[in-house]
Amino acid sequence: VAANLPLASSVSWITLSPQTVVIPPYGVTTVTATIHPAALPRGASKAQINAGPLTIPVSINYGIEPRLTASLNPVNLTGTTSQEVLIAVPAGQVSFSAIATSGVSKPWLSVQPGTAIANPGAPVKLTVGVNPALLPAGPAVGVITLMPIDGSSPLIIPVNVNAGLDPQLSISPAQLAFPAPAPQTLSLTAFAGTNYAVQTVTSDGGNWLQVSPRYAVAPSTLTVQADPSGLAPQTYQGKVILTNVVTGAQQSIPVTLTVAPPPAISAVPASLRITALGQPQALQVSSNGPSLPFTVTAPGFLTVTPTSGVTPATVTVALNPQAPAQNSGTVSIASPGLLTQTIPVTVQIAPLARAIVNAASLQPGPVAPGEIVTLYGDGFGPDGLSVTFDNVPAPILYAGPGQINTVVPYEIPYEVTGQPSTQLLVTRNGQSSAPLALQVIETQPGIFAGILNSDSSFNTPANPAAFGSVIQIFATGEGLVPGASTGSITPAAAPFRTPAAPVSLTIDGQTAQILFAGEAPGLISGVLQINAVIPDTPGPSARTLLLKIGDRDNHAQAIAVSVR
């Protein structure tokens, strides 16, 4: 039969609408209870709603927020399934007890564990379940109360149990995916006027998923928002759950949020090692999203091609043959607004000795002890460099990327050892060249350009030497010099060291008188100074010099002195 029930509230801060209801046989009627905060005292309050013989208790904590939060509130169960709920606290440790309240005679609702401690960043996992033997037929409602031991406000979690999905509710689309944070909509179709409670749940317990409104009357539209702020790049799962407020039946819509890493530019490999000239290294430049513009910069000893572009692209890095070599540097790849990527570049090139000449005559050939020589090749320097002849260190007078001036050590004289050859090695930063085999002979004369007149001015066609005057000639390749050691400086005062081999000089075939032939004072041993008198005989203004030391002369060298 129909029931006609008057409605009344025990307090002024709750009003009911309507105040009288007629409940049809086996029917359901909705009553709206409105709480008026202006009349509500702060703190814990209790009241009751009377519907005829039925009394409905009401408890409220106004102005005092619970310190605990739940990942699901309310909890909606289908049939006899269980549900895990994460209980968190934003600050301070909270110990609490968990109490399940359901039917008085048949307490079908349970929660485990019964007591727990929540800490910031360490949520407590509660398991909410039902006892099928005690569960009443149809929809059922229970409550989980979390009661903090410190006396702060409890957290009330309603538990709804229904008999399955709402057969009259249609939701479109059936699932949502958020590759970007733009809002999306859900369309609800059901019997007109059907009320639904709307909630969200996430698998990680985060609050990144929001829906509005939280209560809907079908047919209607819901707005769903996924906020990726503060989330690490990965894929997150959640649900939008709709519960029929009359039957307790519910449906859920899966939600996927994909948080992509922020735009970035990268290069592979992460570092480069250059071990040979003329062999560029490749860098693969890419980005983790759409194509991005980039620019490339490098120190002067490196070249990069191209210097700008759009990802993906290949950039080649090589040594700049026009710049002094360095051991290491950094290539930088930048894109506007993004973190600049730096690629360390290490240069470890084994030097290559190609040819050796007399430093004065610039003529190739065998070498003599004490001879100043010029070595040509690649990857020479200037730093971290050493030169050895048969493992004997040689002094380095000059070192550049492709040239070394050095002195053949006196320790490898031909006359003493009788050896026909020596092995020259150039080593730079631990990398050694292939050995360069050289023949060793007694002497290898060569005259340096820059002959001086008797007044020590440079001899030139515009400044010739007079007949019978003394000129100063500087040479190398004189061979062994008794008393001299490799790399030593000749004293500036007499006595001066002289070569072991005899020295002679002709000027245009005329024998020149030699006043002095010894190591040049104040210069490194291996520089021979010859003071000679120009023969007073008719002849051309430019006269060829031929220097002979021991059995060898500089006939392959074209060098002359200007006379008047």
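**Note on salt bridges, strand pairing and a surface patch**

1. The side chains of Asp150 and Arg67 form a salt bridge, with an N to O distance of 2.9 Å. This contact connects distant parts of the chain, since its two residues are 83 residues apart. Asp150 belongs to the loop between β14 (140-148) and β15 (155-162), and Arg67 to the loop between β6 (54-62) and β7 (69-70). The structure under review is a predicted model, and the values quoted here should be read accordingly.

2. Neither partner of this pair falls in the buried class. Asp150 has a relative accessibility of 46% and is therefore partly exposed. Arg67 is also partly exposed, at a relative accessible area of 29%.

3. How many salt bridges does a search of the whole structure find? The search finds 4, among them the Asp150 and Arg67 pair and the two pairs discussed in the next points.

4. Lys125 and Glu84 form a salt bridge in which the closest N and O atoms are 3.8 Å apart. Lys125 is placed in strand β13 (residues 124-130) and Glu84 in strand β9 (residues 83-88), so the contact ties together parts separated by 41 residues in sequence. Lys125 counts as partly exposed because its relative accessibility is 47%. Glu84, at 45% relative accessibility, is likewise partly exposed.

5. The strands that carry this pair are also joined through their backbone pairing. β9 and β13 run antiparallel and are joined by 5 bridges. Within this pairing, Ile87 has Val124 of β13 as its bridge partner. β9 also pairs with β7, again antiparallel, through 2 bridges. There, Thr69 stands opposite Ala88 of β9.

6. A salt bridge also joins the side chains of Arg428 and Asp383, at 2.6 Å from N to O. Arg428 lies in strand β40 (residues 421-428), whereas Asp383 lies in the loop between β35 (372-378) and β36 (385-389), so parts that are 45 residues apart in sequence are tied together.

7. Is Arg428 buried or exposed? With a relative accessible area of 5%, Arg428 is under the 20% limit and is therefore buried. Its partner Asp383 has 33% relative accessibility and counts as partly exposed. The contact thus pairs a buried residue with a partly exposed one.

8. An open sheet of 4 strands deserves separate mention. Its strand order is β16-β18-β22-β20, and the pairing is antiparallel. The edges are formed by β16 (170-172) and β20 (209-212); each has a single partner strand, so one side of each lacks a neighbour in the sheet. From one strand to the next, the twist averages 25°.

9. At one edge of this sheet, the antiparallel strands β16 and β18 (residues 184-189) are joined by 3 bridges. Ile171 has Leu188 in β18 as its bridge partner. As background, side chains in a regular strand alternate between the two faces of the sheet.

10. Which residues form a nonpolar patch on the surface? The patch consists of Tyr215, Val245 and Val246, which together have about 320 Å² of accessible area. Val246 is located in the loop between β23 (234-244) and β24 (250-259). With a relative accessibility of 42%, Val246 is classed as partly exposed, because this value lies between the 20% and 50% limits.

Terms used:
Residues numbered from 1 in each chain as written. Predicted model: local features only at pLDDT ≥ 70, side-chain atom pairs only at ≥ 80, totals over all residues. Heavy atoms only, no water. Buried < 20%, exposed > 50% of the residue type's maximum accessible area, 1.4 Å probe, protein only. Pairing = 2+ DSSP bridges. Axes fitted to C-alpha atoms, helices over the stretch in contact; angles between N-to-C directions. Patch = residues over 30% accessible without salt bridge, like charges linked within 9 Å, V, L, I, M, F, W, Y side chains within 5 Å. Areas by Shrake-Rupley, 256 points an atom, 1.4 Å probe, with all protein chains shown as cover.
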